[in-house]
Amino acid sequence: RDRDGGGGDRPFTSAKYADTLRHFQWHWSRGHPVLVREIPTEMSWEPNVIERAMRELGAKQGSGGRSDRMVPVINCTADGTSWGAAPAEAMTPHDFFKGFTDASVFTHAATGDPLLYKLKGWPSQAEFRERLPRHHAHFIRGLPFPEYTNPCDGPLNLVTHLPRSVGQPDLGPRASIAFGRPEERGPGDSVTRLHASVMDGVHALMYSCDAAAGACAEAVGDDDDGDGGEGRGGGEDGGGGAGDGHHTHGRPVSVGADAPHATDGHVGGDGGASWQIFRREDIPAVSAFVLSHRSALAHCPPASTAVHHPIYDATFFLTAAELALLLEETHGEVAPWSFHLHDNDAVLVPAGCPQQVRNLKSCLKVALDFVSPETMPAALAMNDDIRELPAGHAGRSDNVHARVTLLHAAHVAVHELQALQGAGPDASL
């Protein structure tokens, strides 16, 4: 069923970028996520390349040829780790990437099952930019719809109009690196829990491999000295602006027009990560479902943990069986858009849309936030909601100061219109 009268899951076929952009804007203005297949990349994102670059960072910091620096990790298999109930773990990046490519490296002592780990906040954004400058630059240049997503000069990315004197929001790009497994088992799966963001986001899967099947391109070897290089691609470090050529930056697929009522089917079939994205208007129903079934959910915090908001707390995840129950209890009205990301795929998620992810393979993902005019009403509404959260709540840090951003962007727009109409650059707003 098509909610808005358009077709579902069809590629943009127009040869003209202007038509492609209008098609995207039609979906984006309706709060639809947009999936883009095959974004361009000129760099290798294989784990040996990333680990080698970060190893050189460790050498520069005085730890020798291979980085002995310990980085924080989350053991997805350890009960309660995600809520701080288990002690924090750490390992070297070298050991982590060995397990990333070979599931037999870390196994459960009792069952022999592979353990699933994810890096916690590493590499930092500063390390990403410093040690992988060409990856950083090429990632930004290859983003779909740069008018919206380019963080430097995208004209429809409202944060680019903020003056330097105003505190800049933390947009990224930021890397997320974690193990995964194809079968869903509930607790212990490698997941990003159900949450919503006050900013729009573009999320790209840059590399994935099936570590259990030995399908990774190249494992991180003990004797691989490497050269600290960033793999294939040119030596330029430029960031690339929104005006660097009007091309489609991949094959957009309008998944948003298709009503998400088939929770057992996925756009794109097999892939590296399984995504579910809800409509903003589904938040009340999803929240009520989570609260009413809290004790029975496979992924939930301990009973002693206070729930301030079922989505903004980012402590729940709905399994396939639970999504089917949600669909049944809402009489077929509430179900997420569900699809798989493959390597070099990206999904653009509008502000305020609840989303969750489960890794089907070992995945290296990169995300970047932006703020578009179409989603500003949702950002303003969510800003009001998160103000009601308790002081110190993690959700309160997800704040783009939407009103300030809107005012500055409006001032720039009026200023430029007045200049075009001959009103002069000093005319007041």
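Ser287 is buried in this predicted model, with a relative accessible area of 10%. Ser287 belongs to helix H7, which spans residues 283-292. Beyond its sequence neighbours up to four places away, Ser287 touches His309, Pro310 and Ile311. The points below proceed from the chain as a whole to its helices, its nonpolar cores and individual residues.

**Overall composition**

- The protein chain contains 10 helices and 13 strands.
- Buried residues make up 52% of the 429 residues in the protein chain.
- Of the contacts that link residues at least 6 apart in sequence, 80% join residues at least 24 apart.
- The exposed area of the protein chain is about 18100 Å², and carbon and sulfur atoms supply 52% of that area.

**Packing of H7 against H8**

- Two packed helices are described by the angle between their axes and the distance between the axes.
- For H7 and helix H8 (residues 320-329), the angle is about 115° and the axes are 11 Å apart.
- The crossing of H7 past H8 is right-handed.
- On the H7 side the contact is made by Ala285, Val286 and Phe289, and on the H8 side by Glu322, Leu325, Leu326 and Glu329.
- By class, the residues of this contact comprise 5 nonpolar, no polar and 2 charged.
- An α-helix has 3.6 residues a turn, so residues three or four places apart point the same way.

**Enclosed helices H3 and H5**

- Helix H3 (residues 93-101) is largely enclosed by the rest of the structure, because 7 of its 9 residues are buried.
- The buried residues of H3 are Pro93, His94, Phe96, Phe97, Gly99, Phe100 and Thr101.
- Helix H5 (133-141) is mostly covered, with 7 of its 9 residues buried.
- In H5 the buried residues are Arg134, His135, His136, Ala137, His138, Phe139 and Ile140.

**Nonpolar cores**

- In soluble globular proteins, nonpolar side chains tend to be buried together.
- The largest nonpolar core of this chain holds 77 residues.
- Within this core, Trp45, Phe96, Phe139, Val286 and Leu318 touch the most other members.
- Phe96 of H3 is in contact with Val73, Met91, Tyr117, Lys118, Leu119, Ile177, Ala178 and Phe179, leaving aside neighbours within four places in sequence.
- A second, separate core consists of 13 residues, among them Leu35, Val347, Val357 and Cys363.
- Val286 appears both in the largest core and in the contact of H7 with H8.

**Met206 in strand S7**

- Met206 is situated in strand S7, which covers residues 200-209.
- Met206 has a relative accessibility of 6%, which is under the 20% cut-off, so Met206 counts as buried.
- Its contacts outside the four nearest sequence places are with Ile39, Thr41, Trp45, Phe139, Asn344, Leu364 and Val366.
- Met206 and Phe139 are 67 residues apart along the chain, and their C-alpha atoms are separated by 9.3 Å.
- Among these partners, Trp45 and Phe139 are also listed for the largest nonpolar core.

**Ala378 in helix H9**

- Ala378 is part of helix H9 (residues 376-386).
- With a relative accessible area of 16%, Ala378 is buried.
- Excluding neighbours within four places in sequence, Ala378 is in contact with Arg280 and Ala351.
- The C-alpha atoms of Ala378 and Val198 are 7.7 Å apart, while the two residues are 180 apart in sequence.

**Backbone features in loops**

- The peptide bond from Gly172 to Pro173 is cis, with omega near 5°.
- Pro173 is placed in the loop between helix H6 (146-149) and strand S5 (174-178).
- Phe145 has a positive phi of about 50°, although Phe145 is not a glycine.
- Phe145 lies in the loop between H5 and H6 and is buried, with a relative accessible area of 0%.
- His331, likewise not a glycine, has a positive phi of about 55°.
- His331 occupies the loop between H8 and strand S10 (337-341).
- His331 has a relative accessible area of 71%, which is over the 50% cut-off, so His331 is exposed.

Conventions: Residues numbered from 1 in each chain as written. Predicted model: local features only at pLDDT ≥ 70, side-chain atom pairs only at ≥ 80, totals over all residues. Heavy atoms only, no water. Helix = DSSP H or I, 4+ residues; strand = E, 2+ residues; numbered from the N terminus. Buried < 20%, exposed > 50% of the residue type's maximum accessible area, 1.4 Å probe, protein only. Contact = heavy atoms within 4.5 Å. Areas by Shrake-Rupley, 256 points an atom, 1.4 Å probe, with all protein chains shown as cover. Axes fitted to C-alpha atoms, helices over the stretch in contact; angles between N-to-C directions. Left-handed = near helix turned anticlockwise from the far one by under 90°. Nonpolar A, V, L, I, M, F, W, Y, C, P; charged D, E, K, R; others polar. Core = buried A, V, L, I, M, F, W, Y, C linked by side-chain atoms within 4.5 Å.
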